[in-house]
Amino acid sequence: GRSYVVINAGAGWDSRIWDLTRYGEVAQHLHTQGVTPLILWGSQREAEMAHAIVEHSGGVGKLAPDTNLPKLAALLADSRFYVGSESGPMHLAAALGIPCVSLHGPT
């Protein structure tokens, strides 16, 4: 079945970005539950954030491949659930019927 969870830290506004260390902790916890955390990224900045999450996860988080919109939809459709910022990928996951946990930064 669905052996991975998509984690996406990217957001349109910096104030909506949750702490990357915390995302790493979430990835570690998911890993202890037998679920692979797949760290999503879209832009170069998000790629840097995704690499930081992988590092903060102790390497248990796996970097998602480069995606376009159809590939993103396929990744989300096959995931257990979405964890991340309120963003385009979160809304796509919700539209696909994937459970979502939306995390917000300090605002």
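**Salt bridges and overall fold of a predicted model**

In this predicted model, aspartate 14 and arginine 45 form a salt bridge whose closest N and O atoms lie 2.8 Å apart.

User: Which parts of the chain does the pair of aspartate 14 and arginine 45 tie together, and how many residues apart are they in sequence?

Analyst: Aspartate 14 belongs to the loop between strand 1 (4-8) and helix 1 (20-32), whereas arginine 45 belongs to helix 2 (residues 44-56). The salt bridge therefore ties together a loop and a helix, and the separation in sequence is 31 residues.

User: Is aspartate 14 buried or exposed, and what is its relative accessible area?

Analyst: The cut-off for an exposed residue is a relative accessible area over 50%. Its partner, arginine 45, is partly exposed at 42%. Aspartate 14 is exposed, with a relative accessible area of 52%.

User: How many salt bridges does a search of the whole structure find?

Analyst: Side chains of opposite charge can pair when their charged atoms come close. Aspartate 14 with arginine 45 is one such salt bridge, and arginine 16 with glutamate 86 forms another. Glutamate 25 and arginine 22 also meet in a salt bridge. The search of the whole structure finds three.

User: How many residues apart are arginine 16 and glutamate 86, whose side chains meet in a salt bridge?

Analyst: The N to O distance in this salt bridge is 2.5 Å. Arginine 16 is in the loop between strand 1 and helix 1, while glutamate 86 is in the loop between strand 4 (82-84) and helix 4 (88-95). The pair thus links distant parts of the chain, with a separation of 70 residues.

User: What is the relative accessible area of glutamate 86?

Analyst: A residue counts as partly exposed when its value falls between the buried limit of 20% and the exposed limit of 50%. Arginine 16 counts as partly exposed, at 26% relative accessibility. Glutamate 86 is also partly exposed, with a relative accessible area of 26%.

User: What separates glutamate 25 and arginine 22 within helix 1?

Analyst: The side chains of glutamate 25 and arginine 22 meet at 3.7 Å, N to O. Glutamate 25 is partly exposed at 41%, and arginine 22 is partly exposed at 46%. Because the two residues are three positions apart in helix 1, their separation is about one helical turn.

User: Is alanine 11 buried or exposed, and what is its relative accessibility?

Analyst: Alanine 11 lies in the loop between strand 1 and helix 1. Not counting residues up to four places away in sequence, alanine 11 touches Arg16, Ile17, Glu46 and Ser85. The limit for a buried residue is under 20% relative accessible area. Alanine 11 counts as buried, at 15%.

User: What distance separates the C-alpha atoms of alanine 11 and serine 87?

Analyst: Alanine 11 and serine 87 are 76 residues apart along the chain. Across the chain, residues 24 or more positions apart account for 61% of the contacts with a separation of 6 or more. The C-alpha atoms of alanine 11 and serine 87 are separated by 5.6 Å.

User: In what order do the elements of the chain run from the N terminus on?

Analyst: The chain contains four helices and five strands. From the N terminus on, the order is β-α-β-α-β-α-β-α-β.

User: What radius of gyration does the chain have, and what would a compact globule have?

Analyst: The C-alpha atoms fill a box of roughly 30 × 30 × 25 Å along the principal axes. Of the 107 residues, 40% count as buried. A compact globule with 107 residues would have a radius of gyration near 13 Å, which agrees with the value for the chain, 12 Å.

Note on methods
Residues are numbered from 1 along each chain as its sequence is written. This is a predicted model: local features need pLDDT of at least 70, side-chain atom pairs count only at pLDDT 80 or more; totals for chains, interfaces and linings use all residues. Side-chain values use heavy atoms; hydrogens and water are left out. A salt bridge is a side-chain nitrogen of Lys or Arg within 4 Å of a carboxyl oxygen of Asp or Glu. Buried means under 20% relative accessible area, exposed over 50%, partly exposed in between (1.4 Å probe, protein chains only). The radius of gyration is taken over C-alpha atoms; the globule rule is 2.2 Å times the number of residues to the power 0.38. Contact means heavy atoms within 4.5 Å.
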